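Work through these exercises with the model open beside you. Try each task before you read its solution.

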Amino acid sequence: DAVRRNGTPADMAKWWSENPAQLAGLEKYKGKIDVGYQADLCWWDTDHVGAPNDYSREYHRWQGTTYFADNEEMVGRVLGTWVKGQHVYDGLQDHHYTPVGSLLKCAM
């Protein structure tokens with residue numbers, strides 16, 4: 001959807017990082033790459049088109065509602081995720097490592 005809406009990688013970073021951190025009241029240490037911020041990172045393949053991989057599984061409550069499940073094209077995929085500097089997801093192997101961190105609680 002970001003590509004169809006003329007979104008740039010910088011827009012996506014704000015939509016997926018800065019805005020959620022601000023909404024949760026965590027903008028003082030999450031939401032951007034900078035000194036003093038936690039190293040929560042996502043390695044994103046912007047050129048990939050199609051399902052994230054040929055053994056894709058969905059990890060959310062509305063399974064069967066993603067674009068690739070509906071035979072539509074997805075653009076981009078997650079290749080890896082790090083939380084507090086620790087590798088927690090390998091998108092190439094669809095492997096989840098031991099979770100780190102804790103659930104975010106809204107500051108509202």
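Buried means under 20% relative accessible area, exposed means over 50%, and partly exposed lies in between. Keep in mind that this is a predicted model.

**Exercise 1. Classify K30 and D40, and describe how their side chains meet.**

Step 1. Start with K30. Its relative accessibility is 16%. The cut-off for buried is under 20%, so K30 counts as buried.

Step 2. Turn to D40. Its relative accessibility is 30%. That value falls between the two cut-offs, so D40 counts as partly exposed.

Step 3. Look at the two side chains together. K30 and D40 form a salt bridge, with 2.4 Å from N to O. Side chains of opposite charge can pair when their charged atoms come close.

Step 4. Place the pair in the chain. Both K30 and D40 lie in the loop between helix 1 (9–23) and strand 1 (41–49), so the salt bridge ties together parts that are ten residues apart in sequence.

**Exercise 2. Find how many salt bridges the whole structure has, and describe the one formed by R77.**

Step 1. Count. A search of the whole structure gives two salt bridges.

Step 2. Find the partner of R77. It is D45, and the closest N and O atoms are 3.4 Å apart. The cut-off is 4 Å.

Step 3. Locate both residues. R77 sits in strand 2 (residues 75–83) and D45 in strand 1, so this salt bridge ties together parts that are 32 residues apart in sequence.

Step 4. Check the backbone pairing. D45 has R77 as its bridge partner in strand 2. Both residues are buried.

**Exercise 3. Work out the order of the strands in the sheet and how they pair.**

Step 1. Write the order. Four strands form an open sheet, 1-2-3-4, with antiparallel pairing.

Step 2. Mark the edges. Strand 1 and strand 4 are the edge strands, and each pairs on one side only.

Step 3. Go through the pairs.
- Strand 1 and strand 2 are joined by six bridges.
- Strand 2 and strand 3 (residues 86–90) pair over four bridges. W82 has H87 as its bridge partner in strand 3.
- Strand 3 and strand 4 (residues 95–96) pair over two bridges. Y89 stands opposite H96 in strand 4.

Step 4. Inspect the hairpins. Strand 2 and strand 3 have two residues between them, and K84 in the turn has a positive phi of about 50 degrees. Strand 3 and strand 4 have four residues between them, and D94 takes a positive phi near 50 degrees.

**Exercise 4. D90 is buried yet has no salt bridge; find what surrounds this residue.**

Step 1. Place D90. It lies in strand 3.

Step 2. Look for an opposite charge. The nearest such side chain is R77, 9.1 Å away.

Step 3. Check the backbone nitrogens. That of L92 lies 2.9 Å from a polar atom of the D90 side chain. For Q93 the distance to a polar atom of this side chain is 3.2 Å.

Step 4. List contacts, leaving aside neighbours within four places in sequence. D90 then touches L79, H95 and Y97.

**Exercise 5. Describe the aromatic pair of W16 and W44.**

Step 1. Count. There is one aromatic pair.

Step 2. Read the geometry. The ring centres of W16 and W44 are 5.0 Å apart, with 75 degrees between the planes. Planes over 60 degrees apart count as edge-to-face, so this pair is edge-to-face.

Step 3. Locate the residues. W16 lies in helix 1 and W44 in strand 1, so the pair ties together parts that are 28 residues apart in sequence.

Step 4. Classify W44. At 27% relative accessibility, W44 counts as partly exposed.

Terms used
Residues are numbered from 1 along each chain as its sequence is written. This is a predicted model: local features need pLDDT of at least 70, side-chain atom pairs count only at pLDDT 80 or more; totals for chains, interfaces and linings use all residues. Side-chain values use heavy atoms; hydrogens and water are left out. Buried means under 20% relative accessible area, exposed over 50%, partly exposed in between (1.4 Å probe, protein chains only). Two strands pair if DSSP finds at least two bridges between them. Lys and Arg count as positive and Asp and Glu as negative; His and the chain ends are not counted. A polar contact is a pair of N or O atoms within 3.5 Å; within protein, one must be able to donate a hydrogen and the other to accept it, and residues adjacent in sequence count only if both atoms are side-chain atoms. Contact means heavy atoms within 4.5 Å. Rings of Phe, Tyr and Trp (its six-membered ring) pair if their centres lie within 6.5 Å; planes under 30 degrees apart count as stacked, over 60 as edge-to-face and the rest as tilted.
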